[in-house]
Amino acid sequence: MKKWKFSVNAGFLGKRQDRFTQYRPDRPLEDKIRLAAQIDGVEGVELKYPQDFDDAKLTQSLLDGHGLICSAVNVDIKDAAFFRFGALSNNDPAKRRRAVRLLQEGLDLAAEMNIGLVSTCPLADGYDYPFQIDYSDAWGYFIESIKAAASYRRDVKLALEFQPHEPHARILLSNVGILLHVLDEVTMNNVGANLDIGHSFAALETPAESITLLARKERLFYLHTNDNTGDGGDWDMISGSVHFWHWLELLLTLDRVGYNGWLGADINPKHMSADQAFAANNRMIRKMIELLDRIGTDKLVEMVRENGNSGQIYDYLGKHLMS
Amino acid sequence: MNKLAIISAFLGGVKNRYMVYEPERILAKKFELAAKIDGVAGLELCYPADFEDLSLLKSLLADHGLGVSAINVRSRRSGKWWRGSFTSANSRERGEVVDDFKIALDAAAELSVDRISTCPLNEGHDYVFEMDYLKAYDYAEETFSAICTHNPAIRVCIEYKWNDPRTRCFFASAGETLSFCQAVGKPNLGVALDFGHSIQTGERPAQAAAMLARDNRLFYVHLNDNDRNFDWDLMPGAMHFWEFIEFFYYLRILGYTDDWYAYDVMSKEMDTVETFKTVVEVTRKLESLTDRIDRDRMDDLLTDRDPSQTIRYLYRSLL
């Protein structure tokens with residue numbers, strides 16, 4: 001099995017709240033970066049633009065000081081003050097330009113920092129009610145905005161992250177199929193995917209299959225590791241804590257498709273301490289990789305390629321993992 | 001006809017984990033907004049937020065001529081009771097929540113309100129092996145029993161919900177909650193049926209209402225809607241039109257007719273007052289459509305159990 005580098009999403013090291021409760025107060029950027037550096041096995045940190053880049057030089061020196069790499073610039077295009085009725089798909093051309101400009105600024109920043117990767121999750125672009133938006137207009141604007149952002153500079157990758165719902169009952173970019181469609185429409189090889197494993201479960205997908213579909217187009221740029229109950233909510237749980245077998249399958253698949261990006265992480269620490277939650281996530285993933293190495297992945301893949309073999313596969317997994 | 005109330009918190013700040021749609025509003029402003037919505041006769045007040053100054057609260061109620069459908073005791077508080085209070089493994093925390101409920105019950109008595117509602121959102125768990133379920137049920141029975149004993153004249157309603165903020169709340173369905181109330185055995189412990197929560201947890205709300213009413217534990221009703229994936233607190237009828245018609249039909253049969261409906265509807269991007277004006281109009285419209293169903297005819301149809309005839313009758317009579 002390949003060895004991947006671990007990164008944490010710094011947003012999860014700061015203020016944590018849901019509609020009901022605030023769990024954690026915010027931390028200054030310096031504290032987030034210091035905390036990230038203390039987490040077992042972490043080499044990178046995903047930072048948010050514009051919030052974490054008020055002073056880009058200072059941000060870079062904080063990273064350098066703690067021996068961390070910025071794994072991706074995560075451009076935030078969901079601020080309700082501007083994007084109440086959508087960002088990339090907003091009816092108002094000025095609002096769309098604002099969202100596109102933020103992405104372009106993020107691309108410049110990623111280039112300056114030699115990261116080459118911007119990630120964005122367009123959560124403002126969605127709806128709650130039937131008859132709320134004109135899907136045809138909205139999708140037209142959405143594709144046009146992605147094209148405008150990504151064509152600005154082709155030397156930086158733009159990784160789009162889908163999520164089925166929240167904060168709207170339905171997000172436009174809601175599953176891997178729609179994302180693949182967007183990639184076909186945009187036809188620029190610097191536009192690809194940030195696959196959040198929990199979002200894939202929330203969208204009722206099998207992440208190993210979604211990984212394969214994206215990798216076949218060479219568009220799997222980045223990953224968010226986590227887990228979910230699979231019944232709708234996006235809980236950002238510790239990887240493998242719910243879907244243990246699926247997690248083994250998706251790690252095996254990442255190895256098979258030759259994924260060489262980061263293992264980023266969106267883990268909601270909630271009642272736990274943030275560093276312990278992320279450390280547990282990384283240890284779980286490393287342990288699962290170790291288990292796969294122990295099983296012998298060649299034999300497993302060989303068995304998978306035969307029809308009607310599920311019984312034997314679980315016997316094999318059980319024998320090698322649980323004895 | 002049931003009177004209409006809004007849960008005061010839904011007239012205040014609107015936020016979720018990503019966005020802030022509306023900043024928090026002071027209590028007087030919430031009353032001012034409620035008074036602008038024709039057809040709204042009262043508020044469901046939130047404890048402790050609305051009770052910082054009881055004399056102010058009394059004068060706001062009097063000045064705006066608004067009633068109180070219930071007092072909603074919030075058991076999820078930032079900074080405390082993180083792993084639940086009714087079911088907390090810590091006996092001090094369980095004592096605290098009982099003491100706090102006693103204050104709320106006394107405030108209810110002072111305002112002549114005979115109903116306390118609570119949605120134990122923070123009871124529950126995120127991960128497997130997080131909670132000792134056996135002990136949690138024992139603790140919950142003890143705490144709710146103590147709360148109900150404090151003033152038997154006030155009904156205490158548990159509002160069940162599948163998830164959020166926990167990946168699994170402790171009281172997730174009408175069945176679980178009813179069974180719990182029966183185990184506690186206090187006549188003043190019952191259930192608040194939130195239409196959206198019932199939908200999200202996979203129920204037919206009319207069936208849940210019937211089950212609860214058979215045991216005299218359908219204490220209270222909240223109205224809103226969602227798409228079953230999550231508790232979005234959408235406007236009633238926006239998703240589950242026919243389920244609302246069936247629900248209202250059954251509430252009339254069950255005698256929940258001279259009481260309150262309370263709304264938890266998130267106005268989100270929309271204007272708060274306009275949202276609730278629509279919600280009121282839609283509720284009354286759904287009720288008047290329900291009234292077009294002839295009771296005797298429906299009795300016959302329900303006896304025959306032939307949906308090909310029932311659906312035809314409903315479309316012909318209502319639309």
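Trainee: Which residues form the negative surface patch in chain B?

Mentor: In this predicted model, the negative surface patch is formed by D294(B), D296(B), D299(B), D300(B), D304(B) and D306(B). Asp counts as negative, and like charges are joined into a patch within 9 Å.

Trainee: Why is D296(B) called exposed?

Mentor: D296(B), whose place is in helix α10 (residues 295-304) of chain B, has a relative accessibility of 57%; exposed means over 50%, and therefore D296(B) counts as exposed.

Trainee: What makes Y315(B) partly exposed?

Mentor: The value for Y315(B) is 43% relative accessibility, which has to be set against the limits of 20% and 50% that enclose the partly exposed class, so Y315(B) counts as partly exposed. Y315(B) has its place in helix α11 (residues 307-318) of chain B, and together with I311(B) and L319(B) this residue forms a nonpolar patch on the surface, with about 320 Å² of accessible area.

Trainee: How do you know that R17(B) and D234(A) meet in a salt bridge?

Mentor: The N to O distance between the side chains of R17(B) and D234(A) is 2.8 Å, and a salt bridge requires such a nitrogen within 4 Å of a carboxyl oxygen, so the pair qualifies. R17(B) lies in the loop between β2 (14-15) and β3 (20-22) of chain B, and D234(A) in the loop between β11 (220-225) and α9 (244-256) of chain A, so the pair joins two chains.

Trainee: Why are R17(B) and D234(A) called buried?

Mentor: Buried means under 20% relative accessible area; R17(B) is at 18% and D234(A) is at 8%, so each of them is buried.

Trainee: Why does D50(B), which is buried, have no salt bridge?

Mentor: The nearest side chain of opposite charge, that of K30(B), is 4.2 Å away from D50(B), whereas the cut-off is 4 Å, and therefore no salt bridge is assigned to D50(B). The side chain of D50(B) does reach the backbone nitrogen of C46(B) at 2.8 Å, and D50(B) lies in the loop between β4 (40-47) and α2 (54-64) of chain B.

Trainee: What makes the pair D114(B) and R155(B) a salt bridge?

Mentor: Their side chains meet at 3.7 Å, N to O, and the limit is 4 Å, so the pair counts as a salt bridge. This pair links distant parts of the chain, with D114(B) in the loop between α3 and β6 (115-118) and R155(B) in strand β8 (residues 155-159), 41 residues apart.

Methods: Residues are numbered from 1 along each chain as its sequence is written. Chains are lettered from A and ligands numbered from 1 in the order in which they are written. This is a predicted model: local features need pLDDT of at least 70, side-chain atom pairs count only at pLDDT 80 or more; totals for chains, interfaces and linings use all residues. Side-chain values use heavy atoms; hydrogens and water are left out. Patches are made of residues with over 30% relative accessible area and no salt bridge: like charges are joined within 9 Å, nonpolar side chains (Val, Leu, Ile, Met, Phe, Trp, Tyr) within 5 Å. Accessible areas come from the Shrake-Rupley method with a 1.4 Å probe; for residues, only the protein chains shown count as cover. The place of a charge is taken as NZ of Lys, CZ of Arg, CG of Asp or CD of Glu. Helices (H or I, at least four residues) and strands (E, at least two) are DSSP runs, numbered from the N terminus. Buried means under 20% relative accessible area, exposed over 50%, partly exposed in between (1.4 Å probe, protein chains only). A polar contact is a pair of N or O atoms within 3.5 Å; within protein, one must be able to donate a hydrogen and the other to accept it, and residues adjacent in sequence count only if both atoms are side-chain atoms.
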